[in-house]
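Subject: Structure handover

Hi,

Here is the structure for you to load. My notes on what turned up follow below it.

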Amino acid sequence: MSVATLELRWFFQERPEWFDQAAESAWRSERSVRTDWYAPIADRNSSVKLRGVTEERGRGQQENVDATPAIESKILQSTDCHPIADDQSLMIERWVKHTLRTLDLSAKEDAELRQLITANWLQVRKERLLYQTPDSIQIEFATVELLGGTYWTHCIEAPTEFDAGNLVRWLGDSGQPGIAPTEVMTRNPQQSWPSWLQTRILV
């Protein structure tokens, strides 16, 4: 299965002051905790991970969401720069996600594969607050644990049918709740999971 999305993501080494306020202004948020394992590849344009099973979930979440571990890849297809204000712009990235293999842990081969991956790949624990707008845009606020450190990330993800230009206009609407302030989006460097993981590995 393959899914294409438009994405903007930021990572922070300290918890931003606006983080909790923006997250709490969400329409209808869902909390979940999940651990993923990323293959240690030195490539900013792609990643491969073992998506873990959701360990904790909010009351509103469906029980079958992330109920089965799977190996997934994510490949950067394009990057476009779009102005959002005077002398300010945002990078809209188009990513394609592929589900490569769903693991059946009752099968010996899959159980051994999972054990091999979890022993050698990068373990990333994610405590996420997610919500979806009426426009099918998914907003994420997450606390991330990697290699003994704690970080924070904010992501805005939209279906490709939304169009990058429309997404930027939506982001520029000051009345939108639950997203980072415009000055935060434009003044902080955007990073995808692959590029951020690469910087953390090299530290």
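Start with Gln198. Setting aside neighbours within four places in sequence, Gln198 is in contact with Ala42, Asp43 and Arg44. One of these contacts is polar: the side chains of Gln198 and Arg44 come to 2.6 Å. Gln198 sits in helix H5. Its relative accessible area is 14%. The cut-off for buried is under 20%, so Gln198 counts as buried. Bear in mind that this is a predicted model.

**Overall layout**

The chain has five helices and nine strands. In sequence order the pattern runs β-α-β-β-β-β-β-α-β-β-β-α-α-α. There are 203 residues, and 45% of them count as buried. Take the contacts between residues at least 6 apart in sequence: 64% of these join residues at least 24 apart. The exposed area of the chain is about 10,700 Å². Carbon and sulfur atoms supply 45% of that area.

**Aromatic pairs**

How many aromatic pairs does a search of the whole structure find? The count is eight. One of them is Tyr38 with Trp193. That pair is stacked, at 5.5 Å centre to centre and 20 degrees between the planes. Tyr38 belongs to strand E2 (residues 30-38) and Trp193 to helix H5 (residues 193-202), so the pair ties together parts 155 residues apart in sequence. Tyr38 is buried at 2% relative accessible area. Trp193 is buried too, at 6%.

Tyr151 and Trp196 also pair. Their ring centres are 5.1 Å apart and their planes meet at 75 degrees, so this pair is edge-to-face. It links distant parts of the chain as well: Tyr151 is in strand E9 (residues 149-159), Trp196 is in H5, and 45 residues separate them. Both Tyr151 and Trp196 are buried.

These four residues belong to a cluster. Ring pairs link Phe11, Tyr38, Tyr151, Trp193 and Trp196.

Two lysines sit over ring faces. Lys126 lies over the face of Trp193, 4.4 Å from the ring centre. Lys74 lies over the face of Trp95, at 5.2 Å.

**Nonpolar cores**

Nonpolar side chains tend to be buried together in soluble globular proteins. Here the largest nonpolar core has 28 residues. Ile156, Leu167 and Leu171 have the most contacts inside it. Seven elements are worth colouring when you look at this core, each giving two or more residues: strand E1 (2-12), helix H1 (19-24), strand E6 (88-102), strand E8 (138-146), E9, helix H3 (164-171) and helix H4 (182-187). Which of them gives the most? H3 does, with five residues.

Leu171 makes a good centre for a view. Beyond neighbours within four places in sequence, Leu171 is in contact with Leu8, Ile84, Leu90, Ile156, Ile179, Thr182 and Met185.

There is also a second, separate core, with 10 residues. Tyr38, Leu122, Val144 and Trp196 are among them. Tyr38 and Trp196 also appear in the aromatic cluster.

**Helix H3 and its start**

Is H3 enclosed or open? Six of its eight residues are buried, so H3 is largely enclosed by the rest of the structure. The buried ones are Ala164, Gly165, Leu167, Val168, Trp170 and Leu171. The cover over them includes E1, strand E5 (70-85), E6, E8, E9 and H4.

Asp163 comes just before. It is found in the loop between E9 and H3. At the start of H3, a side-chain oxygen of Asp163 reaches to within 3.0 Å of the backbone nitrogen of Gly165. Asp163 has a positive phi of about 80 degrees, although it is not a glycine. Its relative accessibility is 39%, so it counts as partly exposed.

**Another positive phi**

Ser136 is not a glycine either, yet its phi is positive, at about 70 degrees. Ser136 is in the loop between strand E7 (122-132) and E8. With a relative accessible area of 36%, it is partly exposed.

Over to you.

Conventions. Residues numbered from 1 in each chain as written. Heavy atoms only, no water. Phe/Tyr/Trp six-rings, centres within 6.5 Å; stacked < 30°, edge-to-face > 60°. Helix = DSSP H or I, 4+ residues; strand = E, 2+ residues; numbered from the N terminus. Buried < 20%, exposed > 50% of the residue type's maximum accessible area, 1.4 Å probe, protein only. Lys NZ or Arg CZ within 6 Å of the ring centre and 35° of its normal. Core = buried A, V, L, I, M, F, W, Y, C linked by side-chain atoms within 4.5 Å. Contact = heavy atoms within 4.5 Å. Polar contact = N/O pair within 3.5 Å; in protein donor to acceptor, adjacent residues only side chain to side chain. Areas by Shrake-Rupley, 256 points an atom, 1.4 Å probe, with all protein chains shown as cover.
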